[in-house]
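Got the viewer open? Take a seat and let's walk through this chain one selection at a time.

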Amino acid sequence: MPQLDGLGLLRIVNAHYPDVSVILITAYASLETARQALRLGAFDYLTKPLDLNELERTVQTCLEVRELKRLRAERDTLAEVMALLDVSRMIGATPELQARVDAFVEQIWHRFRPQTLTLSLLGPDERTLRLLGQRGLQPPLPVADVRLSDAPDAAAFQAAHHQLVPSQATDAHWLHVLHVQDRPVGVLQLGWPLRTEVLDEHRRRVLEIFATSMGAVLENGRLYDRIKRQNLQ
């Protein structure tokens, strides 16, 4: 390895492949090197000449630890998802659409901490997409409608949303088309600033599940508003 040593490789692996577990093996053993390897995130540190039985035991232990971490992450994900589903039910207890939108935006803003957030939903006539929720945009965008094509699909919703929301100064975006029974009803977009951590796999899964559950909640609010408006007319 003429370009870097084992510790340098360990740094690169941790930076670009954080899910990879590293067992460092070296012929130049020292207590300080071992401490540094463990401090940099190596799972273990073995010395040459290598005992293959010891290597097998170390790999087995590493796999067991990884499985325990996976199970803990699954448990944490389930707990967070259940909490957010309870939040969805609480938001659904408020019939008016804008109240549901505001509560949903507030939850996303504080739980996932994006730099920008925009939410567009079907308009009352089901022929337009309307910007109903936003955070972090300066100056704020005006509430506006974009005409949708007949029987629009998810791609049409994304295109209409991009007409409502111009490109922001962020390089990390997460965009999700909200569906109800395979029918698109809105678009949620989050943005993060340059050079910041965005969503890891765990947070992305939780956000997708929450957004999916809220699609029906928001659509029901829109239908409630439409029926209320018709009754008033």
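In what order do the elements of the chain run from the N terminus on? Colour by secondary structure and follow along: α-β-α-β-α-α-β-β-β-α-β-β-α. That makes six helices and seven strands. Keep in mind as you go that this is a predicted model.

**Zoom out first**

Show the whole chain and turn it around. Along the principal axes, the C-alpha atoms fill a box of roughly 85 × 35 × 30 Å. The radius of gyration is 25 Å, while a compact globule of 233 residues would have one near 17 Å.

Now switch on the surface. The chain exposes about 14200 Å², and carbon and sulfur atoms supply 53% of that area. As for the inside, 35% of the 233 residues count as buried. If you colour by charge, you'll be looking at 27 positive and 29 negative charges, whose mean positions are 4 Å apart. And if you like contact maps, here's one number: of the contacts with a separation of 6 or more, 53% are between residues 24 or more positions apart.

**Stop 1: the first helix and what covers it**

Select residues 6–16, which is helix α1. Which of its residues are buried? Pick out L7, G8, L10 and V13. Their cover includes β1 (23–26) and α2 (31–39), so add those two to your selection.

A word on helices in general: an α-helix has 3.6 residues a turn, so residues three or four places apart point the same way. With that in mind, look again at L7, L10 and V13, which are among the buried residues of α1.

**Stop 2: T26 and its company**

Stay with strand β1 and click on T26. Is T26 buried or exposed? Its relative accessible area is 14%, so T26 counts as buried, the cut-off being under 20%. Leaving aside residues up to four places away in sequence, T26 touches Y45, L46, T47 and K48.

Before moving on, draw a distance from T26 to S120, C-alpha to C-alpha. These two are 94 residues apart in sequence and 56 Å apart in space.

**Stop 3: a cis bond, then the helix after it**

From K48, step along to P49: a cis peptide bond joins them, with omega about 0°. P49 sits in the loop between β2 (44–47) and α3 (52–92). In general, most peptide bonds are trans.

Next, select α3 and find A83 in it. A83 is partly exposed, with a relative accessible area of 33%. Try another distance here: the C-alpha atoms of A83 and Y224 are separated by 25 Å, with their positions 141 residues apart along the chain.

**Stop 4: strands side by side**

Select β3 (residues 116–122) and β7 (residues 183–192). How many bridges join β3 to β7? There are six, and the two strands run antiparallel. For one example, click T118 and then its bridge partner in β7, Q189. Spend a moment on β7 itself: nine of its 10 residues are buried, so the strand is largely enclosed by the rest of the structure.

Add β4 (128–135) to the view. Six bridges join β4 to β3, again in antiparallel fashion, and L121 has R130 as its bridge partner in β4. Then add β5 (145–147). β4 and β5 pair over three bridges, in the antiparallel sense; look for L129 and its bridge partner V146 in β5.

**Stop 5: the loops that join them**

Go to the hairpin of β3 and β4, which has five residues between the strands. Select E126 there: its phi is near 65°, a positive value in a residue other than glycine. In general, most residues other than glycine have a negative phi. E126 is partly exposed, at a relative accessible area of 32%.

Continue to the loop between β4 and β5, where you'll find P139. The peptide bond from Q138 to P139 is cis, with omega near -5°.

For the last selection, jump to Q181, in the loop between β6 (172–180) and β7. Q181 has a positive phi too, near 50°. Where does its side of the story end, buried or exposed? Exposed: Q181 has 78% relative accessibility.

Terms used: Residues are numbered from 1 along each chain as its sequence is written. This is a predicted model: local features need pLDDT of at least 70, side-chain atom pairs count only at pLDDT 80 or more; totals for chains, interfaces and linings use all residues. Side-chain values use heavy atoms; hydrogens and water are left out. Buried means under 20% relative accessible area, exposed over 50%, partly exposed in between (1.4 Å probe, protein chains only). Helices (H or I, at least four residues) and strands (E, at least two) are DSSP runs, numbered from the N terminus. Two strands pair if DSSP finds at least two bridges between them. The radius of gyration is taken over C-alpha atoms; the globule rule is 2.2 Å times the number of residues to the power 0.38. Contact means heavy atoms within 4.5 Å. Accessible areas come from the Shrake-Rupley method with a 1.4 Å probe; for residues, only the protein chains shown count as cover. Lys and Arg count as positive and Asp and Glu as negative; His and the chain ends are not counted. The place of a charge is taken as NZ of Lys, CZ of Arg, CG of Asp or CD of Glu.
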